[in-house]
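User: Please take a close look at one part of this structure and tell me what lies around it. After that, work outward to other parts, in plain terms for a first-year student.

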Amino acid sequence: MIDETVEEIQEMQTHSSSVVAVNATRALEDLLDREFATVEEYVRALERNGTVLRRANPSHASLQNAVREVVSDVSDADVESVDAAKERTQKTIDTVISRVESGKRLAAENAVEHLEDGATLLTHDYSSTVLEAIEQAVEDGKSFEVYVTEARPRYIGRKTARALAEIDAVDTTLITDSAHGVYLEECDRVVVGMDCIVDETLYNRVGTFPIAATASQLDVPVTVLGSASKIVTEGFVFENEYRTGSEVMPEPADGFAVENPAYDATPTSLLEGVITDEGHHEF
């Protein structure tokens with residue numbers, strides 16, 4: 001299960017950072033079914049596999065923090081048996097996952113009042129928190145028109161568009177990333193998720209920065225949704241992920257290089273605010 005989860009993270013089969021964090025943390029349960037002679041042997045295995053999971057995507061702050069918390073809690077505990085160590089591991093996993101999932105749910109709930117009925121929104125990439133916020137707003141009787149960027153080169157936005165298309169009160173339009181400047185003039189708000197916010201920088205799927213910059217020029221507010229656990233003040237240095245160039249151009253590059261960064265950096269000065277499980281914070 002751990003190896004499969006690492007492969008899924010590396011291949012970006014799951015795109016929401018919250019889901020990635022939950023899946024990575026849950027993968028540690030695989031160790032609970034294995035036999036270990038001593039507590040020390042078990043803890044070494046937990047630390048080793050935790051490192052493997054975290055290395056699968058160093059850019060995911062929520063993944064890093066979730067897995068690190070489980071490993072640290074068990075490693076620092078003074079347990080007397082392997083069974084006790086496993087029991088503590090399971091308890092910590094459940095606590096961490098519950099916090100991640102509740103944080104996402106509460107952030108979506110807090111966002112509903114900021115999504116005006118009849119508004120035209122633009123969103124980028126795929127965010128389970130953004131989707132949940134729109135779904136909850138619709139349940140409250142609101143309706144929206146939503147422009148969704150494709151989020152090239154893996155076209156992750158298409159997944160968002162398909163999900164929104166299933167909601168009757170949402171009129172969904174898929175656009176290319178570079179077309180955001182054409183449609184932002186029609187929009188009342190940009191709503192995006194986040195990988196993390198470190199200091200005064202939002203790190204999110206590449207393409208977020210130009211959307212935020214254009215929105216700022218056109219006086220369209222940009223609101224970020226996500227768990228407060230993704231706002232990092234210390235102990236984490238963001239590492240961008242540079243994916244294979246074949247995602248951009250499948251045929252060989254002859255005489256030129258192909259760069260494919262997964263994330264970009266948006267100054268928080270371009271954002272209206274961030275809505276988390278702890279409420280709405282204006283920048």
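Analyst: In this predicted model, the cover over the buried residues of helix α2 includes helix α1, α3 (39-55), α4 (61-76) and α5 (82-111). Helix α2 itself runs over residues 17-27, and eight of its 11 residues are buried, so the helix is mostly covered. The buried residues are Ser17, Ser18, Val20, Ala21, Val22, Ala24, Thr25 and Ala27. Arg26 of chain position 26 is not in that list: at 29% relative accessibility, Arg26 counts as partly exposed, because a residue must be under 20% to be called buried.

Arg26 also has a charged partner. Side chains of opposite charge can pair when their charged atoms come close. The side chain of Arg26 meets that of Glu29 in a salt bridge, with 2.6 Å from N to O. A little further along, Asp30 and Arg34 form a salt bridge, and their closest N and O atoms are 2.6 Å apart. Arg34 has a relative accessible area of 35%, so Arg34 is partly exposed.

One of the helices that cover α2 is α1. Helix α1 spans residues 2-10 and contains Glu7. Glu7 has 47% relative accessibility, and therefore counts as partly exposed. Together with Asp3, Glu4, Glu8 and Glu11, Glu7 forms a negative surface patch. Residues in such a patch have no salt bridge, so Glu7 belongs to the patch without a partner of that kind.

How far from the helix does another part of the chain lie? For one pair, the C-alpha atoms of Ala21 and Ser246 are separated by 27 Å, and these two residues are 225 residues apart along the chain. Ala21 is one of the buried residues of α2. Ser246 sits in the loop between β8 (231-232) and β9 (263-267), and counts as partly exposed because its relative accessibility is 42%.

Salt bridges occur elsewhere too; the structure holds 13 of them. Glu241 pairs with Arg243, the closest N and O atoms being 2.7 Å apart. Both Glu241 and Arg243 are buried. These two residues belong to a network of salt bridges that links them with Arg154 and Glu247.

Some loops hold backbone features worth a look. In the loop between β2 (144-149) and α7 (157-165) lies Pro153, and the peptide bond from Arg152 to Pro153 is cis, with omega near 10°. Ala151 lies in the loop between β2 and α7. Phi of Ala151 is near 60°, a positive value in a residue other than glycine. Ala151 counts as buried because its relative accessibility is 2%.

Which residue in the loop between β1 (120-123) and α6 (128-139) has a positive phi? That residue is Asp125, which is found in this loop and has a phi of about 70° although it is not a glycine. At 5% relative accessibility, Asp125 is under the 20% limit and therefore counts as buried.

To return to the starting point, helix α2 has most of its residues buried, and its cover includes α1, α3, α4 and α5.

Technical notes:
Residues are numbered from 1 along each chain as its sequence is written. This is a predicted model: local features need pLDDT of at least 70, side-chain atom pairs count only at pLDDT 80 or more; totals for chains, interfaces and linings use all residues. Side-chain values use heavy atoms; hydrogens and water are left out. Patches are made of residues with over 30% relative accessible area and no salt bridge: like charges are joined within 9 Å, nonpolar side chains (Val, Leu, Ile, Met, Phe, Trp, Tyr) within 5 Å. Accessible areas come from the Shrake-Rupley method with a 1.4 Å probe; for residues, only the protein chains shown count as cover. A salt bridge is a side-chain nitrogen of Lys or Arg within 4 Å of a carboxyl oxygen of Asp or Glu. Lys and Arg count as positive and Asp and Glu as negative; His and the chain ends are not counted. The place of a charge is taken as NZ of Lys, CZ of Arg, CG of Asp or CD of Glu. Helices (H or I, at least four residues) and strands (E, at least two) are DSSP runs, numbered from the N terminus. Buried means under 20% relative accessible area, exposed over 50%, partly exposed in between (1.4 Å probe, protein chains only). Contact means heavy atoms within 4.5 Å.
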